[in-house]
Amino acid sequence: MSPKPLVDTSPEISDEIKKTTCYMCACRCGINVHLRGGKIRYIEGNRDHPVNQGVLCAKGSAGIMQHYSPARLQSPMKRVGPRGSGQFEPISWDQALQLATDWLAPIRETDPKKLAFFTGRDQSQALTGWWAQQFGTPNFAAHGGFCSVNMAAGGIYTLGGAFWEFGSPDWDLTKLFVLFGVAEDHDSNPIKIGLGKLKGRGARVISVNPVQTGYAGISDDWFGVTPGTDGLLILSLIRELMRAGKIDIDYLARYTNAPWLVIRNPGKANDGLFLRDDAGTPMVLDRDSGKAVAHDKAGVRVALHGEAKVEGGGTAAPVFMLMSESWLDEAYAPEAVSDTVGITPDRIRQFAADLAEAAFAEEVVIDQPWTDWKGEKHDKMIGRPVSMHAMRGISAHSNGFQTCRALHVLQLLLGSVEAPGGFRFKPPYPKPPHAHPKPAGRPDQVAAGSPLGGAPLGYVLGPEDLIIDDDGAPQRIDKAYSWDAPMSAHGMMHMVISNAAAGDPYPVDVLFMYMANMAWNSSMNTRGVMEMLTETDPQTGEYKIPKIIYSDAYSSEMVAYADLILPDTTYLERHDAISLLDRPICEADGVADAIRWPVVEPDRDVRGFQSVLLDLGARLGLPGMVNDDGSPKFKDYGDYIVNHQRKPGVGPLAGFRGGTGTAQGRGEPNPAQLDAYIENGAFWHADIPAEARYFKQANAAYQNFAVEMGFYDAPQPYLFQIYSEVLQKFRLAAEGHGPQQPPAHLKERIHRCFTPLPSWYAPFEGSAVDGDAFPLHALTQRPMAMYHSWGSQNAWLRQIHGHNPMFVSAKLAAMHDLVEGDWIWVTSHHGKIRVPVAVMEGVNDHTIWTWNAIGKRKGAWQLDADAPEAKKGFLLNHLIHELLPAKGDGMRWSNSDPVTGQAAWFDLRVRIEKAGADEPAEAWPQFDTLPRMNGAGRPGAVLRYGMEWTKNGKGNAS
Ligand code: SF4
């Protein structure tokens with residue numbers, strides 16, 4: 001008899017491995033889910049996957065605890081007690097969908113904009129946005145408006161793309177990498193892999209962040225900038241580089257609008273616009289003839305200095321001259337900005353010198369011929385090996401849009417965008433604003449019983465594209481694309497509930513939300529939002545927001561405030577498309593998309609939200625969701641993913657298309673497409689041809705490749721927009737030109753903030769409060785191990801961050817006699833909170849900070865009322881209001897960027913004081929304990945997976 005093997009490998013007990021896509025953060029890595037007996041055993045990274053190449057983070061491996069979370073909702077529910085009480089009764093799916101249909105059908109037949117449909121960390125916006133469009137409401141957006149729309153919009157309007165999903169550093173060739181801010185749940189594993197490469201070959205990493213944590217912790221140089229002043233620091237760097245002549249003139253002339261002629265005609269309607277020829281093409285000065293000619297004329301040698309006379313009055317000068325006039329100003333000298341930004345003049349100068357050294361002394365050359373959009377042939381690709389990355393840190397300010405633009409201009413001056421060693425786009429980017437749809441929602445685009453006259457979100461190109469009526473009044477419930485925030489490309493989700501409760505600009509009938517914890521960590525002024533959600537009309541006693549439908553997989557704080565709950569599955573139980581139509585996972589050298597699919601079947605009465613949405617659409621008879629006979633067009637989301645076509649041959653997934661499953665990009669639907677993805681590890685990937693990999697915005701081979709893939713219908717090369725004519729058009733309107741003009745109270749602000757060249761102004765909240773009363777800045781950061789409020793109910797991840805202290809600098813701690821574990825009061829113009837303290841060195845002396853979204857309301861997420869997340873965890877949100885303090889004129893302005901409407905979370909100003917020795921060591925404020933939601937799981941449900949659920953909800957190994 002042979003000896004028994006040490007490891008039993010018999011097929012009966014071997015793991016079954018199913019490959020899918022992680023959803024524990026926004027990064028979307030490939031994962032291998034190991035199952036035994038139909039239960040998940042563990043999760044590992046997929047080594048073949050283009051995003052993570054096998055790397056798995058703490059969140060990703062803790063997906064097992066997300067999947068088996070006791071907080072999972074169990075069945076559809078209908079509210080039976082007062083809103084906010086958490087009293088529900090389980091109902092069937094038929095009842096739930098009938099109720100939703102009964103609420104929504106009359107709205108669609110009378111006034112579709114009475115539906116406000118907003119989603120949170122939704123990864124299916126191509127579907128949800130299309131659904132809103134087919135319903136006919138302009139009131140749709142996802143969470144971008146309160147996250148990083150400044151980064152996205154600043155990038156699109158300047159470069160035709162931004163960081164993260166739009167592009168990435170050239171990790172293999174860059175020699176200096178600069179991180180501004182950075183939320184560590186964005187592009188998480190790729191950045192870790194990239195940083196590993198840089199560190200492995202000794203490349204330099206600079207971090208600009210008020211706090212030295214996470215990626216900043218391994219930087220070679222840390223600049224602890226004062227919050228909200230990054231833009232000023234960047235403009236000072238620009239000044240130093242321009243003064244030293246350390247800018248890439250050839251690159252600026254070839255690839256940017258630096259040579260384009262701008263009309264100077266002060267006070268007139270064409271002041272600041274580009275000089276255009278009869279065909280409308282912007283013009284440049286031809287160095288040879290001295291004449292203004294179309295910028296795209298073959299063989300023209302452009303001038304960066306000079307002047308042209310403008311017919312009808314005024315002159316025109318190249319953008320480059322305006323750049324020099326603006327940015328060589330003494331106001332941007334290191335000495336002038338040093339106190340404000342919190343960095344010494346010498347360090348600013350050295351920073352600029354380091355950028356110049358890396359860019360110009362260490363040029364990168366790739367021996368690859370290519371042809372540009374004018375047909376000019378190049379025998380090699382030359383690059384500047386400086387790359388940058390930024391996210392919410394620089395964007396969540398009221399000056400964030402201009403700061404993001406300034407950062408992109410700094411990259412352009414160094415010649416390091418889409419060049420070897422620099423920042424590189426990921427397909428389908430680059431895509432300039434004019435290649436995106438314009439938003440729909442004007443009165444002539446909304447009609448009873450009809451789809452909206454276009455997509456609800458897009459990019460405006462001037463005041464004529466605003467979503468306003470003839471009197472200039474906002475037409476969206478969040479007032480996006482109005483004069484309040486003209487370029488709000490992602491909507492303004494943080495204004496929806498307050499506007500809906502106030503009936504301003506109009507009341508809505510149904511608020512429909514998905515995965516957005518608006519009654520807690522996703523809202524400013526959390527207590528106020530809870531009150532708005534329960535506010536009634538004193539005359540009728542009815543709720544001011546009459547009906548709330550909410551879909552979530554977990555019993556988050558928001559669940560208690562809904563009237564109808566549509567329980568979602570976990571990410572391992574449903575189909576998803578990580579689509580090129582939406583938020584793709586491409587890399588700079590390749591095109592990729594991916595799927596999720598049910599690797600386990602739900603053991604509860606839950607359904608994937610996307611399938612539910614399609615079912616609801618069919619019940620409502622929405623175009624595209626029903627057949628001619630009125631029957632549902634799609635069986636479920638999986639069926640939609642395979643068979644929906646956005647235009648002929650282009651669907652949610654680009655891989656394995658066509659009858660034989662071999663077409664890529666464009667091709668007829670393939671019934672076996674999902675099987676092909678599953679076979680391939682749940683993703684598809686195609687290499688970009690070598691000659692098309694750099695200078696994509698100007699590269700003829702890339703443009704042709706993009707057309708073949710279906711990104712564009714025709715090549716559309718373009719130049720980077722250092723000078724934004726779009727911004728200038730809004731400024732001209734504020735000066736009184738054109739048919740659409742802002743209301744009087746907004747004119748000065750628009751004129752000041754919409755500068756066509758990036759500028760810096762002080763964050764609004766700091767200017768509106770007394771600086772002596774509120775001397776400190778307060779921030780949140782996203783920990784690497786957490787992803788919004790989901791993570792802090794996960795049994796494994798809670799053991800990493802069970803509560804969140806307020807971090808203060810050692811200097812500040814000494815000033816206030818604080819040691820680790822003390823409690824302090826933190827006060828803003830809006831409210832106060834009591835929180836525990838931790839002391840650290842690596843933080844700007846004028847800044848305090850904490851981890852975001854760890855604090856929980858007692859009883860929510862099935863956690864015990866004594867859970868540390870509820871007793872010691874807290875939210876900074878209680879200190880932040882969606883409106884700025886009242887001004888002398890009685891107006892209260894939105895606490896947002898005036899260009900995009902981005903929520904200005906990080907403008908918060910506070911003071912601190914030590915809590916009394918007799919005060920309880922418990923976070924304040926506290927709210928009524930939420931009951932366990934009917935139908936949600938019970939503690940103990942995870943016992944069989946080797947964890948025992950303890951009283952405080954932490955998992956202990958059994
Ligand atoms: S980085 Fe995000 S997507 Fe990737 S494994 Fe971690 S949690 Fe999952």
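I looked up contacts first (heavy atoms within 4.5 Å), and found that residues 24 or more positions apart account for 71% of the contacts in the chain with a separation of 6 or more. I noted that this is a predicted model, in which local features need pLDDT of at least 70 and side-chain atom pairs count only at pLDDT 80 or more, while totals for chains, interfaces and linings use all residues. Residues are numbered from 1 along each chain as its sequence is written, and side-chain values use heavy atoms, with hydrogens and water left out.

Next I turned to the secondary structure, which comes to 25 helices and 36 strands, these being DSSP runs numbered from the N terminus, with at least four residues for a helix (H or I) and at least two for a strand (E). The chain is as compact as a globular protein of its length, because its radius of gyration is 27 Å, close to the 30 Å that the globule rule gives for 958 residues; the radius is taken over C-alpha atoms, and the rule is 2.2 Å times the number of residues to the power 0.38.

I then checked burial, where buried means under 20% relative accessible area with a 1.4 Å probe, protein chains only, and 65% of the 958 residues count as buried.

Last, I followed one pair of strands. Strand E24 (residues 547–552) is mostly covered, with 5 of its 6 residues buried. Strand E23 (residues 510–514) pairs with E24 in the parallel sense over 5 bridges, where pairing requires that DSSP finds at least two bridges between the strands. I also noted that Val 510 has Lys 547 in E24 as its bridge partner.

Technical notes. Buried < 20%, exposed > 50% of the residue type's maximum accessible area, 1.4 Å probe, protein only.
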